[in-house]
Amino acid sequence: MRNFINYKESIEIINNIQLNNATTQKLFITNAIGKVIANDVIASHNSPEFPTSAMDGYAIKFEDLKSEFLEIIAKNPAGSVVEVEVTSEKCIKTFTGSLMPKGSDTLIPIENVEVFDNKIKIKKEVPFGFAVRDIGENYKKDEVLIKKGTIIGFAEIGVLASLNISQINVIVNPTIAIASTGSEVLDLGEIQTNEAQIRSSNHLTLEALFKSNGANILQMGVVKDDIDSITSLFETALQKADIVVTTGGVSVGDYDFVQDVVKDRLKAKILFHGVSIKPGMHILIATKDEKIIVALPGFAYSSTVCAILYVLPLIYKFRNSNESLPIIKAKITQNFPKKTDKTVFTACNVSYINGEYFVDFKGKKEGTSAILTNMLESPALLIQDENSCDLKAGDLVDILLINHLK
């Protein structure tokens, strides 16, 4: 009889898997959106490098703020450098983004003055240094602006462009091979020939989940329940993928061949087979020639939950990213019993009201681990660890935000 480990132990095993150094590639910055940056990005200069105007107005000496009139001695458009210096009771018309002229320390906005020929009269005063961007306001030379492991988005693109960086090294995302096993399951478009057959959604659900989290996908489709077909699947997938994920065939039935192939034909190293969780207790994770095998249960809800809990952290690990599963605190709005001594992940609804998260179970169906529709709308997973007690309305609980998985 197999020994089942607890959830915490299984996650520790996942975290301790040793991977080869991540492969990198150089991409043009806008082609790197959604990728993980491989190296720290360090500022090569101050931004701005000189005091700069933050708006349209007149560059003055602060000490002249109460003078009756200031003479306009030049214009200072953005992109040019004026040689004239601001002296006592003089000013230079200066525009947004222009360098502050020598001798000036404050900018009076256009709307704060009246103009008389070549002079201005200040109607509304401003504090010292108003609307002047200091040297290094945006960033300072040698400052780490983007840390390695960061997922590149629009803000990172903007910062890279401001540094005149056109290409960056990013980590190559892992390739995941996916297959559903079972002689009773049909792929999309296959014609049903008897009432015992069911339509497989697992392989496509997992493809969507993994793709949205950055993985490259090798879709293997549906594989029949026989030793040779499953062996061929693994041999092909292990040649091309970093991770091989299957659904079905890991329980204790006569036709659960995936576990037999992984253990006996592939001679893979079994990290664990069986975790005290609900759903997904028969999950199997193994390694073979520095590749990872994740054999998930066949029920749709069960395989999806286990993919979230175990495969997404592996993707993050391959990417050397700073990502983690979005687990937060929420208030439960009704009593909810603890029904087993396993760690339980239960589908619930989540709402955000006045700065707090709340969960309930309205419309969620009870039954087997096959009810994937429980993940529609605004879903989360309520997490009850193996030592938790019955929950009461108003208790603070841990939830995993499904719609925050990208």
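Strand 21 is mostly covered in this predicted model: of its 5 residues, 4 are buried. On one side, strand 21 runs antiparallel to strand 19, and 4 bridges hold the two together. Within that pairing, F272 has I285 of strand 21 as its bridge partner. Strand 21 also runs antiparallel to strand 22, this time through 5 bridges. Here A286 stands opposite I293 of strand 22. Strands 21 and 22 make a hairpin with 2 residues between the strands, and D289 in that hairpin takes a positive phi near 50°. As background, strands of a sheet pair through backbone hydrogen bonds, in either a parallel or an antiparallel way.

**Helix 5 and what covers it**

Strand 21 (284-288) turns up again among the elements that cover the buried residues of helix 5. Those buried residues are V258, Q259, V261 and V262, in a helix that spans residues 258-265. The cover also includes strand 14 (175-181), helix 4 (227-240), strand 18 (243-247), strand 19 (269-273) and strand 22 (291-296). A handy rule when you look at a helix: an α-helix has 3.6 residues a turn, so residues three or four places apart point the same way.

How do helix 4 and helix 5 meet? Two packed helices are described by the angle between their axes and the distance between the axes. The axes of helix 4 and helix 5 come within 9 Å and cross at roughly 65°. On the helix 4 side, the contact is made by I227, D228, I230, T231 and F234; helix 5 brings V258, D260, V261, V262 and R265. The crossing of helix 4 past helix 5 is right-handed. After helix 5 comes K267, with a positive phi near 55°.

**The aromatic pairs**

The model has 7 aromatic pairs. One of them is Y7 with F345: the ring centres are 5.2 Å apart and the planes sit at 70°, so this pair is edge-to-face. Y7 belongs to helix 1 (residues 7-15) and F345 to strand 24 (residues 343-353), so to speak of distant parts of the chain is fair, as the two are 338 residues apart. Y7 counts as buried because its relative accessibility is 17%, under the 20% cut-off. F345 is buried too, with a relative accessible area of 3%.

Y352 and Y357 make another aromatic pair, and this one is tilted, at 4.6 Å centre to centre and 55° between the planes. Y352 is exposed, with a relative accessible area of 52%, while Y357 is partly exposed at 24%.

Ring pairs also tie Y7, F272, Y310 and F345 into a cluster. F272 is the residue bridged to I285 of strand 21, which gives you a route from the sheet to the rings. Elsewhere, a charge joins in: the charged end of K121 sits over the ring of F69, 5.5 Å from the ring centre.

**A small open sheet**

Which strands form the open sheet, and in what order? It has 3 strands in the order 1-13-2, with antiparallel pairing. The edges are strand 1 (24-28) and strand 2 (36-37), each of which pairs on one side only. Strand 13 covers residues 167-171 and pairs with strand 1 over 5 bridges, and with strand 2 over 2 bridges. The table gives some of the bridge partners.

| Residue | Partner in strand 13 |
|---|---|
| T24 | I171 |
| L27 | I168 |
| I37 | V170 |

If you look along one of these strands, keep in mind that in a regular strand the side chains alternate between the two faces of the sheet.

**T94, far from S10**

T94 sits in strand 7 (residues 90-94). Is T94 buried or exposed? Its relative accessibility is 0%, so T94 counts as buried. Leaving aside neighbours within four places in sequence, T94 is in contact with S53, M55, D56, G57, Y58, A59, N76, L99, P101 and L107. S10 is another matter: T94 and S10 are 84 residues apart in sequence and 64 Å apart in space, C-alpha to C-alpha.

Key
Residues are numbered from 1 along each chain as its sequence is written. This is a predicted model: local features need pLDDT of at least 70, side-chain atom pairs count only at pLDDT 80 or more; totals for chains, interfaces and linings use all residues. Side-chain values use heavy atoms; hydrogens and water are left out. Rings of Phe, Tyr and Trp (its six-membered ring) pair if their centres lie within 6.5 Å; planes under 30 degrees apart count as stacked, over 60 as edge-to-face and the rest as tilted. Buried means under 20% relative accessible area, exposed over 50%, partly exposed in between (1.4 Å probe, protein chains only). A charge sits over a ring if NZ of Lys or CZ of Arg is within 6 Å of the ring centre and within 35 degrees of the ring normal. Contact means heavy atoms within 4.5 Å. Two strands pair if DSSP finds at least two bridges between them. Axes are lines fitted to C-alpha atoms, for helices over the stretch in contact, and angles run from 0 to 180 degrees between N-to-C directions. A crossing is left-handed if the near helix is turned anticlockwise from the far one by less than a right angle, and right-handed if clockwise.
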